[in-house]
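Student: Got a minute to go through this one with me? I'd like to look at a few spots.

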Amino acid sequence: MLFLWPFEILALIYLGAALVPGFFLLRYVYNLDKVEKEDPQLLGSLVVQGVKAALLSILLEFVGSIVLDVGISRESPMYTLLSAFFVVAAVEEGTKFFFLKKRTWYIPDFNFRFDGIVYACFTSMGFAMFENVKYVFSYGLQVALPRAILAVPGHLGFSVFMGVFYGLAKHYDIRGRKVAQRICLFFAWFSAMLLHGIYDFCLMRETGETMLVFLLFVVAMYIVVITLLKKTSAHDKPVWA
């Protein structure tokens with residue numbers, strides 16, 4: 001019989017608390033892919049791409065913070081704004097988008113528009129689950145529940161917008177409309193970055209007003225994301241249609 005020491009049991013509890021929310025959301029998105037299920041190996045590789053994005057983001061955000069510290073006081077609202085949008089959101093959504101496109105843009109499996117959402121969500125959840133493990137093991141189980149309600153679904157929400165534009169970009173690519181394709185690829189990154197930036201700015205400022213905006217923003221985003229997922233799943237089309 002396998003015997004686990006108390007610290008090993010505790011580590012498994014921490015790991016479960018960090019990973020279960022992400023797996024739950026991945027299963028939800030996977031089940032919405034009605035027309036043609038994606039290869040589990042491909043989806044697993046996208047989770048790995050998300051982990052790569054998280055690791056690269058750590059490095060790039062460190063560099064960005066150093067650059068920002070040179071000329072702006074950390075107490076300044078401008079510092080918070082630039083940090084939220086251009087150091088954190090732009091970098092994290094940029095690295096996710098880079099690894100997402102690198103892994104999926106040219107594969108034959110990418111043949112339905114909803115695939116773009118699935119690919120973006122799995123990449124983003126790889127990022128979110130890695131980040132969640134880091135936070136839970138660093139700060140304890142007390143952060144697991146709020147992050148399961150806010151941070152992990154937040155990453156999913158950003159990725160749904162990325163995926164909608166990503167699938168549309170593939171549609172325009174197949175039809176030879178290169179300008180429309182580039183615009184959609186830009187908005188795949190930009191829409192996720194904008195939402196992520198608003199989310200982080202409100203939390204970083206941590207005033208009564210920004211926290212109220214944050215709560216309203218999160219509720220509104222969750223409603224829109226769930227609606228988008230259900231609508232795009234129900235009306236999925238081949239990328240050439």
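**Helix by helix**

Tutor: Sure, and keep in mind that this is a predicted model. Let's start with G126, which sits in helix α4, covering residues 113-139.

Student: Is G126 buried or exposed?

Tutor: Buried, because its relative accessibility is 1%, and the cut-off for buried is under 20%.

Student: What does G126 touch, leaving aside neighbours within four places in sequence?

Tutor: With those left aside, G126 is in contact with V47, G50 and V51.

Student: And how far is the C-alpha of G126 from that of S45?

Tutor: Those two C-alpha atoms are 9.4 Å apart, although the residues are separated by 81 places along the chain.

Student: OK, what about T123, where is that?

Tutor: T123 is in helix α4 too. At 1% relative accessibility, T123 also counts as buried.

Student: Which residues does T123 contact, again skipping those within four places in sequence?

Tutor: Its contacts are L46, Q49, G50, K96 and L100. G50 turns up here and among the contacts of G126 as well.

Student: Switching topic: which residues form a nonpolar patch on the surface?

Tutor: That patch is made of L59, F62, V63, I66 and V67. Together they have about 490 Å² of accessible area.

Student: Which helix does V67 lie in?

Tutor: V67 belongs to helix α2, residues 40-71.

Student: Why does V67 count as exposed?

Tutor: Because its relative accessibility is 57%, and exposed means over 50%.

Technical notes. Residues numbered from 1 in each chain as written. Predicted model: local features only at pLDDT ≥ 70, side-chain atom pairs only at ≥ 80, totals over all residues. Heavy atoms only, no water. Patch = residues over 30% accessible without salt bridge, like charges linked within 9 Å, V, L, I, M, F, W, Y side chains within 5 Å. Areas by Shrake-Rupley, 256 points an atom, 1.4 Å probe, with all protein chains shown as cover. Salt bridge = Lys/Arg side-chain N within 4 Å of Asp/Glu carboxyl O. Helix = DSSP H or I, 4+ residues; strand = E, 2+ residues; numbered from the N terminus. Buried < 20%, exposed > 50% of the residue type's maximum accessible area, 1.4 Å probe, protein only. Contact = heavy atoms within 4.5 Å.
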